[in-house]
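Reader: I'm new to this structure and would love to understand the words used to describe it. Could you walk me through them?

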Amino acid sequence: MGTVVIIGGGSAGAPAARSLKKRLGAGHRVILVEKDERLVNRAALPFYAVGKRNEGQFTRSRSLLNRHGVELIAGEVVKIDRVKKKVRTAGEEMGYDLLLIAAGAEPEGIDLPEMEEQALDMQTFAGARKLRHVLPRFRGTEIAIVAASTRIKCPGSPYEYALLLEDWFCRRERRRDVSITLYTPEPAPLSMFGKKTSDAAAGLLLKRNIRFHPGYREGGIDVGSRTISAGNNRFPFDLLLYYAPTAPPPFIRESGLAGEAGWLQVDRHTMALPEDDSIFAAGDITEIRTPSGELLPKLGAVAHLQSFTAAANMAALMKGEQPDSAYSGFAG
Ligand SMILES: Cc1cc2nc3c(=O)[nH]c(=O)nc-3n(C[C@H](O)[C@H](O)[C@H](O)COP(=O)(O)OP(=O)(O)OC[C@H]3O[C@@H](n4cnc5c(N)ncnc54)[C@H](O)[C@@H]3O)c2cc1C
């Protein structure tokens, strides 16, 4: 009997675990290690923040991963020993024949302590919860949505927030009192998705009177004056919705697996690590360049598709077959 270990039970890890167990049956163990007690579908956060979803609709207990024959271990992985093929948490150590790393990415956080309720970390549940609380009491005029990097989770979500907020204020007949401005490092709205998408996004922002400042550079926020620099000007804000650059979990670097920028470099077809064919990775933790040189966006849809490629190839290897599944590069 062989053992597959999966780190992370999110958009990539959970479907991969189910798919692997289905393909491998009772002959092999599939172990999933997850650190958080509650799992959050972050795609729902913008809707939750504006009151269109309730917590129960997009969070679920980690214990639900313990189904379909998948064995759940509740704990945080702190190290991978590639030589001994072992994964270590604070309390346990488990051996693997094949390993799937699907531990995602987390925002580096906001370091603007003086602002408290006026600066919200929009990639987290806590940030969305704060916005849901702050919005009905908001009496300022300037809302700034700042993406500090293109290396954020779901590069479209700052735009989604802008449109949902616009709608929120329209419905309350307060739209004329509030201006909503997007600041991003992109040269044009959503330019990473190509000209057609970018033009459509720009048209939508114009129609809904949402301002857009391209070329934002990290560090452009001044807490003292509550202003943001864009080009040669500074613009005021009363409420800041912030997207920090993301980083992979520390155990990646500590296990000697990180590529140059800290992420896992995988073969973009098989999802295996080029230097170790017993380790696969999927989702936000990977860094994959398309043939045109663009980085693949950090999206649940991408994570989901990659997880099935990884699972198919891992199952083939476990059964002594030739792996032949290839990730198409599409996000669904
Ligand atoms: C506001 C917002 C809106 C979004 N909207 C969309 C959208 O509309 N469409 C879309 O496709 N994507 C969207 N996304 C992006 C999507 O949420 C992510 O791309 C997706 O969740 C990535 O999947 P993943 O499995 O790689 O990581 P995750 O889903 O984050 O899962 C990683 C899991 O690993 C666990 N983990 C981490 N470290 C360890 C460790 N050391 N030990 C054990 N467990 C660990 C974590 O607890 C987590 O459960 C959005 C993101 C945000 C923030």
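**How two helices cross**

Author: Happily! Let's begin with a pair of helices: H1 passes H7 in a right-handed crossing. Please keep in mind that this is a predicted model.

Reader: What makes a crossing right-handed rather than left-handed?

Author: The near helix is turned clockwise from the far one by less than a right angle in a right-handed crossing. H1 and H7 pack at an angle of about 30°, and their crossing is right-handed.

Reader: Why are H1 and H7 called roughly parallel?

Author: Helix H1 (residues 13-24) and helix H7 (residues 300-318) have axes 9 Å apart and meet at about 30°. Angles under 35 degrees count as roughly parallel, and H1 and H7 are therefore described that way.

Reader: Which residues make the contact between H1 and H7?

Author: From H1 come Pro 15, Ala 16, Ser 19, Leu 20, Arg 23 and Leu 24. H7 brings His 304, Ser 307, Phe 308, Ala 310, Ala 311, Met 314, Ala 315 and Met 318. The residues of this contact divide into 10 nonpolar, 3 polar and 1 charged.

Reader: What makes the sheet with E5 and E21 an open one, and which strands are its edges?

Author: The order is E5-E2-E1-E9-E22-E21, an open sheet of 6 strands with mixed pairing. Strand E5 (71-74) and strand E21 (272-273) each have a single partner strand, so one side of each is left without a neighbour in the sheet.

Reader: How do you know that E9 and E22 are paired?

Author: Pairing takes at least two bridges. Strand E9 (residues 98-101) and strand E22 (residues 276-281) are joined by 3 bridges and run parallel, so E9 and E22 meet that cut-off. For Ile 101, the bridge partner in E22 is Ala 281.

Reader: Where do H1 and H7 touch this sheet?

Author: H1 touches strand E1 (3-7), strand E2 (29-34) and E9, with its direction at about 170° to that of E2. H7 touches E1, E9, E21 and E22, and its direction makes about 170° with that of E9.

Reader: Which strands stand at the edges of the sheet of 5 strands?

Author: That open sheet has the order E11-E18-E12-E13-E14 and parallel pairing. Strand E11 (119-121) and strand E14 (211-213) are at the edges, each with a single partner strand, so one side of each lacks a neighbour in the sheet. From one strand to the next, the twist averages 20°. Helix H4 (residues 157-171) lies across strand E12 (142-147), E13 and strand E18 (239-243), at about 175° to E13.

Reader: How do you know that the span of H5 is close to the expected one?

Author: Helix H5 (residues 195-207) has 13 residues and reaches 18 Å from its first C-alpha to its last, against an expected 18 Å at 1.5 Å a residue. Just after H5, Asn 209 takes a positive phi of about 55°.

How values were computed. Residues numbered from 1 in each chain as written. Predicted model: local features only at pLDDT ≥ 70, side-chain atom pairs only at ≥ 80, totals over all residues. Helix = DSSP H or I, 4+ residues; strand = E, 2+ residues; numbered from the N terminus. Axes fitted to C-alpha atoms, helices over the stretch in contact; angles between N-to-C directions. Contact = placed C-beta atoms within 7 Å. Parallel < 35°, antiparallel > 145°, perpendicular 65-115°, else oblique. Nonpolar A, V, L, I, M, F, W, Y, C, P; charged D, E, K, R; others polar. Expected span 1.5 Å × (residues − 1).
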